[in-house]
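Let's take a friendly look at the empty spaces inside a protein, and then at its cysteines.

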Amino acid sequence: MKPLPLELDHPAWLHGLTAFTTVRTRRGEPLLWPTHLERLCQTCAFLGLPAPSTDLPLPTLEPWPWGLLRVTVGAAATFWTHRPLTSGPLPAAGVRVRLTDIQIHPQLATHKTGNYLPYRLAMQRAEDAFEGWLIGPDDTLADGSRTAPLLEMAGQLVVPAGGLPSVTRAAFLNGYEWSVRKVHSSELPTVTRAWICGSGIGIVPVREIVGEVWSATLPVEWPQTDDPALIWPEG
């Protein structure tokens, strides 16, 4: 056992009292930054943290082909990190997702905070799947461990209610008709197509959803777009 360093004796480290957002960059330029900043400010207000100014000057970033900029707000300051985004080869056949038994936090799920344990646990539960999905207290699909789900049900695009409002998913849905509603886990075998959405991967089709005692195989359809915020980051 070691004594806790004084710099870690703070709610940001002990309880996850931070707000953050993760932004894809393309050759050093942040993508969808105004929307990320708006969501970050909303989370800061919810947590009682000082919000970054809406005209926050961004640092000069390394001009990597693809990168991930993380902006983290604590009680005392706003911090940033920038790293290369290397997601690996394009999963042309789509990805497999697993519905886990991990629940979202009832108050924090619509915000991106340092209280991240449920998402880490869901990723562990995913095992050999690309992504683990979390549920709400009423056994509805709520969110993914690192991406946001988008479903097609009865010919309609559906955003499952209860999770983080994904910036990438919202950008993709611009111009489409879609709805937000609760999706009970018992409905998932009836999904006709699905995608997962996030800054790190763009929009990726799901080929299989795996439940505890069931699985559903889906047709794979990649979005027809060249938007750098939505495509798989390669090249």
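What volume does the largest cavity have? The largest cavity has a volume of about 30 Å³. This is a predicted model, in which local features need pLDDT of at least 70, side-chain atom pairs count only at pLDDT 80 or more, and totals for chains, interfaces and linings use all residues. Residues are numbered from 1 along each chain as its sequence is written, and side-chain values use heavy atoms, with hydrogens and water left out.

On a 1 Å grid over the protein atoms alone, a cavity is a set of points where a 1.4 Å probe fits but cannot get out, while a pocket is an open set with protein on both sides within 12 Å along at least five of seven lines; lining residues have an atom within 4 Å of a point. A volume is the space filled by probe spheres set on the points.

Here are the two linings, sorted by residue type.

| Space | Nonpolar | Polar | Charged |
|---|---|---|---|
| Largest pocket | 18 residues | 18 residues | 7 residues |
| Largest cavity | 3 residues | 3 residues | 1 residue |

Among the residues lining the cavity are Arg24, His36 and Ala229. The largest pocket has a volume of about 1000 Å³, and Thr22, Lys112, Tyr116, Ser145 and Arg146 lie nearest its centre.

Now for the cysteines. The structure holds 0 disulfides (pairs of cysteine sulfur atoms within 2.5 Å). The sulfur of Cys41 has its closest cysteine sulfur in Cys44, but at 6.2 Å that is too far for a bond. Cys41 is buried (under 20% relative accessible area, 1.4 Å probe, protein chains only), because its relative accessibility is 17%. Cys197 is buried too, at 1%.

Notes:
Buried means under 20% relative accessible area, exposed over 50%, partly exposed in between (1.4 Å probe, protein chains only). Ala, Val, Leu, Ile, Met, Phe, Trp, Tyr, Cys and Pro count as nonpolar, Asp, Glu, Lys and Arg as charged, and the others, Gly among them, as polar.
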